[in-house]
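Work through the exercises below with the model open beside you, and try each task before you read its solution.

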Amino acid sequence: MKMIRMAGTAMLVAVMASGALAQSQTPPPAAPTPKAAAEGTMTTKRMGEIIRRLDAKAKAAANASAWQFHIEEVPVVVVTDAGNNRMRIMIALKKADTMSPQELLRLSQANFDTALDARYAIAKGLLWATFIHPLSELHEKQFIAGIGQTVNAAKSYGTTYSSGLLSFGGGDSRGIIQRDLIDKLIKKGQEI
């Protein structure tokens, strides 16, 4: 699975570099970011600062609209499109053509009740754990929790299929709640 993640990440970085993911290649100028940014005013600059606090070895794309980094040895990619006010956190999991109908059903169930804000999705022939949100409306804690949820969804693939937060009642999934990673990331990503 590690090779699939690395290959998926490499493929995604190549797509990012070509600009194929973003419709708008020139983001609007960013407003000055105060030291403690207000909730719900996320910018790509602020996002980059948070990512570097979580992983000092994070790599940014030349246009500072995408990053590659690791959380608990899991390769994470964040892609933004400021012109269309969108962002994604993505982790490649495996080749989609190797999935059974039972796995696809289980992923759909998890997307309903245990993946919560993170999701499982198929694109470019790969299964991904992902978090998708409007960029500027994103709160700092939401972004950090989104990273944690996406990493938890990736790590729990094949077992609990959980983002680590609550389990939505009325669904088919039951499992372990992995809240620890999200709390740890929020503490590390918040300014002191």
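**Exercise 1: two helices**

Decide whether H2 passes H4 in a left-handed or a right-handed crossing, and then describe the angle and the residues of their contact.

Solution. H2 passes H4 in a right-handed crossing, the near helix being turned clockwise from the far one by less than a right angle. This is a predicted model, in which local features need pLDDT of at least 70 and side-chain atom pairs count only at pLDDT 80 or more, while totals for chains, interfaces and linings use all residues. Residues are numbered from 1 along each chain as its sequence is written, and side-chain values use heavy atoms, without hydrogens and water.

Next, take the geometry: the axes (lines fitted to C-alpha atoms over the stretch in contact, with angles from 0 to 180 degrees between N-to-C directions) of H2, residues 44–54, and H4, residues 140–155, come within 11 Å and cross at roughly 50°. H2 is therefore oblique to H4, a class that holds the angles left over once those under 35, over 145 and 65 to 115 degrees are set aside. Helices here are DSSP runs of H or I with at least four residues, and strands are runs of E with at least two.

Finally, list the contact (heavy atoms within 4.5 Å): from H2, Arg46, Met47, Ile50, Ile51, Arg53 and Leu54 meet Glu140, Phe143, Ile144 and Ile147 of H4. By class, this contact of H2 with H4 comprises seven nonpolar and three charged residues, with no polar ones; Ala, Val, Leu, Ile, Met, Phe, Trp, Tyr, Cys and Pro count as nonpolar, Asp, Glu, Lys and Arg as charged, and the others, Gly among them, as polar.

**Exercise 2: the sheet**

Trace the order of the six strands in the open sheet, and place the helices across them.

Solution. The order is S1-S2-S3-S4-S6-S5, with antiparallel pairing, where two strands pair if DSSP finds at least two bridges between them. S1 (59–60) and S5 (118–123) are the edge strands, each pairing on one side only.

At one edge, S1 and S2 (residues 66–71) share two bridges, and Lys59 has Gln68 as its partner in S2. Five residues lie between these strands in their hairpin, where Ala64 takes a positive phi near 55°. S2 and S3 pair over six bridges, with His70 opposite Pro75 in S3; in their two-residue turn, Glu72 has a positive phi of about 50°.

At the other edge, S5 and S6 pair over six bridges, Ala118 being matched with Phe131 in S6. Lys124, in a hairpin with two residues between these strands, takes a positive phi near 55°.

H2 lies across S2, S3 (74–81) and S4 (86–95), at about 25° to S2, whereas H4 lies across S2, S3, S4, S5 and S6 (126–134), at about 10° to S4.

**Exercise 3: confidence**

Identify where pLDDT stays under 50.

Solution. The chain averages a pLDDT (the predictor's confidence in each residue, from 0 to 100) of 80, and 69% of the residues score at least 70. Over residues 13–29 the value is below 50, although this stretch has 19 contacts in the model beyond near neighbours in sequence. Residues 31–37 also stay under 50, with seven contacts beyond four places in sequence. Where pLDDT is low, the predicted coordinates should not be read in detail.
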